[in-house]
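Hi everyone, thanks for coming. I'd like to take a few minutes to walk you through a structure. Here it is on the screen.

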Amino acid sequence: MTSAEPQPPHKLAALLGPAEPEIGCAECFAVVDRYVELELRGDGADREVAGMRAHLAGCPACADEYLSLRELVARER
Ligand SMILES: [Zn+2]
């Protein structure tokens, strides 16, 4: 059950620095399932959904949503 430990988004953002585009909550909500899907496939989620990681780093509500969704999807495979 602990096989897919989610990595805290703020850590990734700190590695990349602040010069990233950032999306808003509405857009984040619209693409979060696709983002999780791409990420779990190792298919360039941050390239496909630019600005997502930056938003997750700065928005606890969306980060929470993202983490639960990711956990859910990871458990289904
Ligand atoms: Zn948000």
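What covers the buried residues of α2? Hold on to that one for a moment while I set the scene. First, please keep in mind that this is a predicted model.

The protein has 5 helices and 0 strands, so to speak a plain α-α-α-α-α order from the N terminus on. Of its 77 residues, 21% count as buried. And if you take the contacts with a separation of 6 or more, 71% of them are between residues 24 or more positions apart.

Now back to my question. The cover over the buried residues of α2 includes α3, which is 45-48, together with α4 and α5. The buried residues themselves are Cys28, Tyr35, Val36 and Glu39. Yes, there is a glutamate in that list.

Let's stay with α2 a little longer. This helix has 17 residues, and at 1.5 Å a residue it should span 24 Å; the end C-alpha atoms are indeed 24 Å apart, so expectation and model agree. Even so, please look at Val31, where α2 bends by about 50°. And just after the helix, you will find Gly42 with a positive phi of about 65°.

On to the core. Which residues make up the largest nonpolar core? There are 11 in all: Ile23, Cys28, Tyr35, Val36, Val49, Met52, Ala54, Leu56, Ala57, Cys62 and Tyr66. Three helices each supply at least two residues of this core, namely α2 (25-41), α4 (52-58) and α5 (60-76). The largest share is that of α4, with 4 residues. As a general backdrop, nonpolar side chains in soluble globular proteins tend to be buried together.

Let me pick out one core member, Ala54, which sits in helix α4. Is Ala54 buried or exposed? The cut-off for buried is 20 or more neighbours, and Ala54 has 20 C-beta neighbours inside 10 Å, so this alanine counts as buried. Ala54 also pairs up two stretches of the chain for us: Ile23 is 31 residues away in sequence, yet the C-alpha atoms of Ala54 and Ile23 are 7.7 Å apart.

That leaves α5. This helix also has 17 residues, and from first C-alpha to last it reaches 24 Å, close to the 24 Å expected at 1.5 Å a residue. Its buried residues are Cys62, Tyr66 and Arg70. They lie on the same side of α5, because they cover an arc of only 70° around the axis. What covers them includes α2 and α4. If you turn to the face away from that buried side, you meet the exposed residues Pro60, Ala61, Asp64, Ser68, Leu72 and Arg75.

One last residue before we finish: Leu69, also in α5. Leu69 has 16 C-beta neighbours inside 10 Å, so it counts as partly exposed. Which residues does Leu69 contact, once we leave aside its neighbours within four places in sequence? They are Val32, Asp33 and Val36. For Val36, the C-alpha distance to Leu69 is 7.4 Å, with their positions 33 residues apart along the chain.

So, to go back to where we began: the cover over the buried residues of α2 includes α3, α4 and α5, and the cover over those of α5 includes α2 and α4. Thanks for listening, and I'm happy to rotate the model for anyone who wants another look.

Terms used
Residues numbered from 1 in each chain as written. Predicted model: local features only at pLDDT ≥ 70, side-chain atom pairs only at ≥ 80, totals over all residues. Core = buried A, V, L, I, M, F, W, Y, C linked by C-beta atoms within 7 Å. Buried ≥ 20, exposed ≤ 12 C-beta atoms within 10 Å, placed from the backbone. Expected span 1.5 Å × (residues − 1). Bend = angle between axes of the 7 residues up to and from the residue. Contact = placed C-beta atoms within 7 Å. Arc of directions from axis to C-beta.
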